[in-house]
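Trainee: I should like to go through this structure with you, looking at its helix packing and its charged pairs. May we begin once the model is in view?

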Amino acid sequence: MDRVGELFNEICKMILMLVYIQVLWVVFTLLGLIIFGFGPATYAMFTVMRQWVRGNKDLPIFKTYFNAYRSGFKESLGAGLFYLACGMILYVDLIYVQSPALKGLLMVICFLYAVSLFYIFPILVHYDWKSPVLKVKCSVLFGLSYLQYTLTLFAALGAVYYLLYHVPGVLTFFGISIGSYMTMWMANQVFRRIEIQAGIHNVKVNDSLIKGGGKV
């Protein structure tokens, strides 16, 4: 019974943390007038999520979130606007393009866009690379190189959101944060395997390029 009670307490604590981080995400997104706040707010949320999935769940959430929002504002703003613009272009194209061949090509591009979108913020908060182009390229390459993880993530997100959709009010409180946590968890598995593979093939992984060092 004690173990059941501890598990229940951990679940309740995690739910409250997810609710709190989603409140912060909404507030800081609104502070940026949505368009200019989405990227930095999401970057800050993934920064916190990265710490959680790497075992540091006792960090000061607001301080960590605010510092990440401020320090990563410029880079994440650019990423947010870039993916928003690309998403809008693809959406309009899917509506108006009539050619079956072009439709098929657009579906492939949309899949690559989705893969990149799911990996870009984990990459931004994990790797201290200077080139934005490199980060975008790796967001696609990582997702395709470890396609089994990517497809598992898509399936898991679909299943979770399908279940949560049928529970009134749940998505309002942690619909964004739970998806971000799942995405960061899966991305962290990919990052670890990439770094392990680099070690197996005697490729030096420079810990200075990993934010917070290479150790979990």
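**Helix packing and salt bridges**

Mentor: In this predicted model, helix α4 meets α5 through E75, S76, A79, Y83, C86, G87, L90, D93, L94 and I95, which contact K103, L106, M107, I109, C110, Y113, S116, L117, I120, F121 and L124 in α5.

Trainee: How many nonpolar, polar and charged residues does the contact of α4 with α5 hold?

Mentor: Residues such as L90 in α4 and L106 in α5 belong to this contact. Divided by class, its residues come to 15 nonpolar, three polar and three charged.

Trainee: Are α4 and α5 roughly parallel or roughly antiparallel?

Mentor: Two packed helices are described by the angle between their axes and the distance between the axes. Here the axes of α4 and helix α5 (residues 100-126) come within 11 Å and cross at roughly 165 degrees. Angles over 145 degrees count as roughly antiparallel. The relation of α4 to α5 is therefore roughly antiparallel.

Trainee: Is the crossing of α4 and α5 left-handed or right-handed?

Mentor: The angle of roughly 165 degrees is accompanied by a sense of crossing. For α4 passing α5, that sense is left-handed.

Trainee: Which residue of α6 forms a salt bridge with E75 of α4, and is that residue buried or exposed?

Mentor: The side chains of E75 and K135 meet in a salt bridge at 2.0 Å, N to O. E75 lies in helix α4 (residues 73-96) and K135 in helix α6 (residues 132-145), so the pair ties together parts that are 60 residues apart in sequence. E75 is partly exposed, at 30% relative accessibility. The α6 partner has a relative accessibility of 3% and counts as buried: K135.

Trainee: How many salt bridges does the structure hold?

Mentor: Besides the pair of E75 and K135, K13 is joined to D58 and D128 to K130. The total is three.

Trainee: How many residues apart are K13 and D58?

Mentor: The side chains of K13 and D58 meet in a salt bridge at 3.8 Å, N to O. K13 is partly exposed, with 39% relative accessibility, whereas D58 is exposed at 66%. The pair links distant parts of the chain, K13 being in helix α1 and D58 in the loop between α2 and α3, and their separation is 45 residues.

Trainee: Which residue of the pair D128 and K130 is exposed?

Mentor: The closest N and O atoms of this salt bridge are 3.9 Å apart. D128, at 29% relative accessibility, counts as partly exposed. The exposed partner, with a relative accessible area of 70%, is K130.

Trainee: At what angle do the axes of α1 and α2 cross, and what is the handedness of that crossing?

Mentor: Helix α1 (residues 2-31) and helix α2 (residues 38-53) have axes that come within 8 Å and cross at roughly 160 degrees. The two are therefore roughly antiparallel to each other. Their crossing is right-handed.

Trainee: How many charged residues are found in the contact of α1 with α2?

Mentor: M14, M17, L18, I21, W25, F28 and T29 in α1 meet F38, A41, T42, M45, V48, M49 and W52 in α2. Of these, twelve are nonpolar and two polar, and the number of charged residues is none.

Trainee: Is S180 buried or exposed?

Mentor: S180 is found in helix α8 (residues 170-200). Leaving aside neighbours within four places in sequence, S180 is in contact with M45, F46 and M49. Its relative accessibility is 6%, so S180 counts as buried.

Notes. Residues numbered from 1 in each chain as written. Predicted model: local features only at pLDDT ≥ 70, side-chain atom pairs only at ≥ 80, totals over all residues. Heavy atoms only, no water. Helix = DSSP H or I, 4+ residues; strand = E, 2+ residues; numbered from the N terminus. Buried < 20%, exposed > 50% of the residue type's maximum accessible area, 1.4 Å probe, protein only. Contact = heavy atoms within 4.5 Å. Axes fitted to C-alpha atoms, helices over the stretch in contact; angles between N-to-C directions. Parallel < 35°, antiparallel > 145°, perpendicular 65-115°, else oblique. Left-handed = near helix turned anticlockwise from the far one by under 90°. Nonpolar A, V, L, I, M, F, W, Y, C, P; charged D, E, K, R; others polar. Salt bridge = Lys/Arg side-chain N within 4 Å of Asp/Glu carboxyl O.
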